[in-house]
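Open the model in your viewer and switch to cartoon. The stops below go from strand to sheet to core.

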Amino acid sequence: GEKEDVIAKIKRLVKEAKTPTKDDAFDALVQDLFPGAIDNNALEEAVVSTLAKKGFKPSTTLLATSLCADELARKLEDDFVKIYGNNFNLGGLSGFPFAGNTGFGAMAAHIPDDGHCLVVYGPHVGIAADGTVGKVERD
């Protein structure tokens with residue numbers, strides 16, 4: 001069996017995560033631009049909890065990602081790796097996989113027998129403090 005309940009594990013990882021200081025004004029700006037948007041921690045907890053209830057276990061689930069190549073997407077990918085183990089990276093400028101048919105075939109060959117595959121894909125978008133969409137203010 002699994003060493004740690006997966007739902008307890010994601011809750012622990014989210015609690016331990018180093019996250020930016022909460023900024024209510026910025027969060028309101030994000031919600032205005034993208035109603036219903038959630039942060040990585042909320043997404044991770046929702047995905048892992050939902051899939052666990054459907055029988056997805058880290059030992060029988062292949063993680064495959066197709067996230068934007070920007071370093072801003074690495075935290076999401078790394079956090080899912082902490083739950084599901086190794087990641088089959090399908091690439092992804094703007095979140096579109098560039099592995100093609102051959103890559104998807106290779107990915108499918110890595111899915112455990114009677115197991116599952118979690119495909120996490122998508123772009124990211126920066127939002128500057130002044131509300132400019134498409135701009136990332138880096139430290």
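Which residue in β2 does Leu63 stand opposite? Select Leu63 and look across to β2: the residue there is Asn87. Bear in mind throughout that this is a predicted model.

**Stop 1: the sheet**

Show the strands alone. There are 3, and they form an open sheet in the order β2-β1-β3, with parallel pairing. β2 (87-89) and β3 stand at the edges, each with a single partner strand, so one side of each has no neighbour in the sheet. From one strand to the next, the twist averages 25°.

**Stop 2: the pairings**

Turn on the backbone of β1 and β3. These two strands pair in the parallel sense over 7 bridges. Pick Leu63 again; its bridge partner in β3 is Leu118. Move along to Leu67, whose bridge partner in β3 is Gly122. Now swap β3 for β2. Here 3 bridges join β1 to β2, and the strands run parallel.

**Stop 3: β1 from both sides**

Select β1 (61-67). Is this strand mostly covered or uncovered? It is mostly covered: 7 of its 7 residues are buried. Colour one face, made up of Thr61, Leu63, Thr65 and Leu67; these are all buried. Flip to the other face, where Leu62, Ala64 and Ser66 are buried as well.

**Stop 4: helices around the sheet**

Add α4 (74-84). Together, β1, α4 and β2 make a right-handed β-α-β unit. Then add α5, residues 100-109. This helix lies across β1, β2 and β3, and runs at about 170° to β2.

**Stop 5: the cores**

Show side chains. In soluble globular proteins, nonpolar side chains tend to be buried together. The largest nonpolar core here has 16 residues. Select Val48, Leu63, Phe80, Ile83, Tyr84, Leu118 and Val120, the members that touch the most other members. At least two core residues each come from α1 (6-16), α3 (40-53), β1, α4 and β3 (116-122). Apart from this core lies another, of 5 residues, among them Leu62, Ala64, Phe88 and Leu90.

**Stop 6: back to Leu63**

Finish by selecting everything around Leu63. What is it in contact with, leaving aside its neighbours within four places in sequence? The contacts are Glu77, Phe80, Val81, Tyr84, Gly85, Asn86, Asn87, Phe88, Leu118 and Val120. Two names on that list should be familiar from the sheet: Asn87 is opposite Leu63 in β2, and Leu118 is the bridge partner of Leu63 in β3.

Key: Residues numbered from 1 in each chain as written. Predicted model: local features only at pLDDT ≥ 70, side-chain atom pairs only at ≥ 80, totals over all residues. Heavy atoms only, no water. Core = buried A, V, L, I, M, F, W, Y, C linked by side-chain atoms within 4.5 Å. Buried < 20%, exposed > 50% of the residue type's maximum accessible area, 1.4 Å probe, protein only. Helix = DSSP H or I, 4+ residues; strand = E, 2+ residues; numbered from the N terminus. Contact = heavy atoms within 4.5 Å. Pairing = 2+ DSSP bridges. Axes fitted to C-alpha atoms, helices over the stretch in contact; angles between N-to-C directions. Right-handed = clockwise from strand over helix to strand, strands pointing away.
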